[in-house]
Amino acid sequence: MKSLIYPLHCEEKLVKKVDTAILLAAGYGSRLNPITKSIPKTMIEIDGKPILEYIIEDCKKNGITNIGIVVSHLKKQITDYFGNGKKFGVKIKYFQQRHLS
């Protein structure tokens, strides 16, 4: 799968590279019902891996190793799978979204 993250260039000079990303994984995924009643949309598997894992891998490939994930709906599935990120070569912190509209 091709990387979704590309370095930014400005007048042929590389813009300062960031090492931190915030990933949004809190939504209900209501347009994907009934699938998302039992699994968060970011945990839906494509070719044997959750969508969120592909995103984390792309982050790591591009030097982004500090990742914050905003969670809410069925968050335990996300936190149990990714943990602190060590097995994926990154550091993950979770942020609980309190109210979903």
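**Entry 1: the sheet**

Which strands make up the open sheet, and in what order do they stand? I looked this up first, keeping in mind that I am reading a predicted model. I found an open sheet of 3 strands in the order E3-E6-E7, and the pairing is parallel. E3 and strand E7 (91-96) stand at the edges with a single partner strand each, so one side of each has no neighbour in the sheet. On average, neighbouring strands here are turned by 25° against each other, with direction ignored.

A reminder to myself from class: strands of a sheet pair through backbone hydrogen bonds, and the pairing is either parallel or antiparallel.

Next I checked how E3 and E6 are joined, and I noted 6 bridges between these parallel strands. One detail I liked is that Leu24 has Val70 in E6 as its bridge partner. I also saw that H2 packs on the sheet and touches E3, E6 and E7. The direction of H2 makes about 165° with that of E7.

**Entry 2: Val70**

Is Val70 buried or exposed? I first located Val70 in strand E6, which covers residues 66-71. Val70 is buried, because its relative accessible area is 15% and the cut-off for buried is under 20%.

Then I asked myself which residues Val70 is in contact with, beyond its neighbours within four places in sequence. My list reads Ile22, Leu23, Leu24, Ala25, Ala26, Phe95 and Gln97. Leu23 is 47 residues from Val70 along the chain, yet their C-alpha atoms are separated by 6.2 Å. I found that a friendly reminder that the chain folds back on itself in space, as the Val70 and Leu23 pair shows.

**Entry 3: a patch on the surface**

I then turned to the surface. Ile22, Leu24 and Phe95 form a nonpolar patch there, with about 340 Å² of accessible area together. Ile22 lies in strand E3, and at 52% relative accessibility Ile22 counts as exposed. Ile22 and Phe95 are also among the contacts of the buried Val70.

**Entry 4: helix H1**

Which residues of helix H1 are buried? In H1 (residues 51-61) I wrote down Leu52, Glu53, Tyr54, Ile56, Asp58 and Cys59. These buried residues pack against E3, E4, E5, E6, H2 and E7. After H1 comes Gly63, and its phi is positive, near 85°.

**Entry 5: salt bridges**

How many salt bridges does a search of the whole structure find? I got 2. The general idea is that side chains of opposite charge can pair when their charged atoms come close.

In one of them, Glu57 pairs with Lys49, and the closest N and O atoms are 2.8 Å apart. Glu57 is partly exposed at 26% relative accessible area, and Lys49 is partly exposed at 23%.

Another salt bridge links Lys76 and Asp80, where the closest N and O atoms are 2.8 Å apart. Lys76 and Asp80 are 4 residues apart in helix H2, so about one helical turn separates them. I checked their surroundings too: Lys76 is exposed, and so is Asp80.

**Entry 6: loops and backbone angles**

Where is Thr42 found? I traced Thr42 to the loop between strand E3 (20-25) and strand E4 (45-46). Although Thr42 is in a loop, Thr42 counts as buried at 10% relative accessibility. Not counting residues up to four places away in sequence, Thr42 touches Leu24, Ala25, Pro50, Ile51, Leu52 and Ile78.

Pro34 also lies in the loop between E3 and E4. A cis peptide bond joins Asn33 and Pro34, and omega there is about 5°.

I then looked at phi. Asp47 is not a glycine, but its phi is positive, about 55°. I placed Asp47 in the loop between E4 and strand E5 (49-50), and with a relative accessible area of 75% Asp47 is exposed. Leu74 has a positive phi as well, near 55°, and Leu74 is a residue other than glycine. Leu74 is found in the loop between E6 and helix H2 (75-82), and at 29% relative accessibility Leu74 counts as partly exposed.

Terms used: Residues numbered from 1 in each chain as written. Predicted model: local features only at pLDDT ≥ 70, side-chain atom pairs only at ≥ 80, totals over all residues. Heavy atoms only, no water. Helix = DSSP H or I, 4+ residues; strand = E, 2+ residues; numbered from the N terminus. Buried < 20%, exposed > 50% of the residue type's maximum accessible area, 1.4 Å probe, protein only. Contact = heavy atoms within 4.5 Å. Patch = residues over 30% accessible without salt bridge, like charges linked within 9 Å, V, L, I, M, F, W, Y side chains within 5 Å. Areas by Shrake-Rupley, 256 points an atom, 1.4 Å probe, with all protein chains shown as cover. Salt bridge = Lys/Arg side-chain N within 4 Å of Asp/Glu carboxyl O. Pairing = 2+ DSSP bridges. Axes fitted to C-alpha atoms, helices over the stretch in contact; angles between N-to-C directions.
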